[in-house]
Amino acid sequence: MKLGATSVDILTDGTFLLDGGTLFGQVPKVHWEAHMKPDRKNRVRLGLNCLLIQTPGANILVDTGAGSKRSDKFKDLYGLNGNKLLK
């Protein structure tokens with residue numbers, strides 16, 4: 001999206017998995033699973049998205065994703081497939 005000399009773009013830093021019951025709360029599973037298929041652990045895939053705002057004077061990254069200092073246990077628990085912005 002362009003606003004004069006400023007542009008705003010969406011960047012992805014990968015995906016992660018979150019428990020469907022946690023995400024949808026009181027909504028019954030039969031309603032949401034038609035739109036977002038859960039894995040065998042009842043987790044649904046979500047995107048790690050960031051905004052890149054480019055102005056004539058600066059580049060601004062809003063929300064830098066999941067970071068690079070997560071333990072292997074944490075990465076496995078959340079199916080973290082991120083850190084693409086660091087590469």
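This passage describes the fold, the overall dimensions and selected residues of a predicted protein model.

The protein chain contains three helices and five strands. Along the sequence, these elements are arranged in the pattern β-β-α-α-β-β-α-β. Among contacts between residues at least 6 apart in sequence, 63% link residues that are at least 24 apart.

With respect to overall dimensions, the protein chain has a radius of gyration of 16 Å, whereas a compact globule of 87 residues would have a value near 12 Å. Along the principal axes, the C-alpha atoms occupy a box of roughly 50 × 30 × 15 Å. One separation within the chain is that of Asp39 and Gly57, whose C-alpha atoms lie 44 Å from each other although the two residues are 18 positions apart along the chain. For Asp63 and Asn81, also 18 residues apart along the chain, the C-alpha separation is 16 Å.

The accessible surface of the protein chain amounts to about 6300 Å², and carbon and sulfur atoms account for 56% of this area. Of the 87 residues, 22% are buried. The chain carries 13 positive and 8 negative charges, and the mean positions of the two sets are separated by 3 Å.

The largest nonpolar core consists of five residues, namely Phe16, Leu46, Leu48, Ala66 and Leu80. When neighbours within four places in sequence are set aside, Ala66 is in contact with Asp13, Leu48 and Leu80. Two of these partners, Leu48 and Leu80, are also members of the core.

Strand β2, which spans residues 6–19, includes Ser7. Ser7 is classed as buried because its relative accessible area is 13%, below the 20% limit for that class. Outside the neighbours within four places in sequence, Ser7 makes contact with Met1, Lys2, Leu52, Ile53 and Gln54.

Strand β4, comprising residues 59–62, contains Leu61. The relative accessibility of Leu61 is 37%, and this residue is therefore counted as partly exposed. The C-alpha atoms of Leu61 and Asp9 are 9.8 Å apart in space, while the two residues are 52 positions apart in sequence. Asp63 is located in the loop between β4 and α3, the latter formed by residues 72–77. Apart from residues up to four places away in sequence, Asp63 touches Asn49 and Cys50.

The loop between α2 (29–32) and β3 (43–54) holds Asn42. The phi angle of Asn42 is near 70°, a positive value in a residue other than glycine. Most residues other than glycine have a negative phi. Asn42 is assigned to the partly exposed class because its relative accessible area is 22%. Asp39 is likewise found in the loop between α2 and β3. With a relative accessibility of 26%, Asp39 is therefore also counted as partly exposed.

Note on methods. Residues numbered from 1 in each chain as written. Predicted model: local features only at pLDDT ≥ 70, side-chain atom pairs only at ≥ 80, totals over all residues. Heavy atoms only, no water. Helix = DSSP H or I, 4+ residues; strand = E, 2+ residues; numbered from the N terminus. Rg over C-alpha atoms; globule rule 2.2 N^0.38 Å. Buried < 20%, exposed > 50% of the residue type's maximum accessible area, 1.4 Å probe, protein only. Contact = heavy atoms within 4.5 Å. Areas by Shrake-Rupley, 256 points an atom, 1.4 Å probe, with all protein chains shown as cover. Lys, Arg positive; Asp, Glu negative; His and termini not counted. Charge placed at Lys NZ, Arg CZ, Asp CG, Glu CD. Core = buried A, V, L, I, M, F, W, Y, C linked by side-chain atoms within 4.5 Å.
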